[in-house]
Every structure is written in C-alpha cells, then in structure tokens.
Amino acid sequence: MSGLLSKNQLNQKIKTLSNNWVIEGIYLKGNYVFNNFNDAFNFMKEVAIKCEIMNHHPKWTNVYNKLDVELYTHDSGGITEKDFELSLFMDKQFVKFK
C-alpha cells in the first residue's frame, strides 16, 4: 500500500505536471484532447501497457477525441506517488500526439 500525500506534497507535485491535471478532493483528474479518435485510442493503448506494469489502473472515459482521466490509489483511499508516476507518464506520451 502506498502512503497518501499531504496537502503540501500534492501542491508541490501538481506543479510537475502539465496543465491538463487538477486535484479535486481525493482524485487527480486529467483531460486530453487529440486530433482524432485514432490518436486517442493509440494513446490509451500505450498507457494501458504502463498501467499493467504498475498494476495501477485509471478510471477513464473516451468520447471521440477527448479523454478524461481520474486517478487515485484505491488501497490508500486517495492520491499517492503512484498517481503522479502514471500522470507524468501520460503527459510524456501525449507529447507524441500533439
């Protein structure tokens, strides 16, 4: 189980992410807009591999070229380092689709 991050830690960590991310309650929420559905789907496939490796799976919703993501560590009941590791990975992958 990963430890929850403090409010101060969350405020520092969110600065390392793109503007696609916000903290809302116990969730780290992100959204991405792609050129088309194919790009969104290919992004999701790449991220899915990382999710399996991490054993950390997001709640995400895809409608055509838009992807909304909600992260939190279920075992801990809030945001942990795992959520920031995955969100940073997503940001890095998204650069390929701009």
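This note reviews the aromatic ring contacts of a predicted model.

1. Overall count. Searching the whole structure yields eleven aromatic pairs. The points below take up two of these, beginning with the pair formed by Phe 34 and Phe 97.

2. Phe 34 and Phe 97. The rings of Phe 34 and Phe 97 meet edge-to-face, with 5.8 Å centre to centre and 80° between the planes. Phe 34 belongs to the loop between β2 (27–33) and α2 (37–54), while Phe 97 sits in the segment after α3 (81–94), so this contact ties together parts that are 63 residues apart in sequence.

3. Burial of the Phe 34 and Phe 97 pair. Phe 34 has a relative accessible area of 3% and is buried. Phe 97 also counts as buried, at 12% relative accessibility, because the cut-off for this class is under 20% relative accessible area.

4. Phe 43 and Phe 94. An edge-to-face pair is likewise formed by Phe 43 and Phe 94, for which the values are 6.3 Å centre to centre and 85° between the planes. Since Phe 43 lies in helix α2 and Phe 94 in helix α3, the pair ties together parts that are 51 residues apart in sequence.

5. Burial of the Phe 43 and Phe 94 pair. The relative accessible area of Phe 43 is 0%, and the residue is buried. Phe 94, at 10% relative accessibility, counts as buried too.

6. Cluster. Which residues do ring pairs link into a cluster? The members are Trp 21, Tyr 32, Phe 34, Phe 43, Phe 94 and Phe 97. Both pairs described above thus have their residues in this cluster.

Notes
Residues numbered from 1 in each chain as written. Predicted model: local features only at pLDDT ≥ 70, side-chain atom pairs only at ≥ 80, totals over all residues. Heavy atoms only, no water. Phe/Tyr/Trp six-rings, centres within 6.5 Å; stacked < 30°, edge-to-face > 60°. Helix = DSSP H or I, 4+ residues; strand = E, 2+ residues; numbered from the N terminus. Buried < 20%, exposed > 50% of the residue type's maximum accessible area, 1.4 Å probe, protein only.
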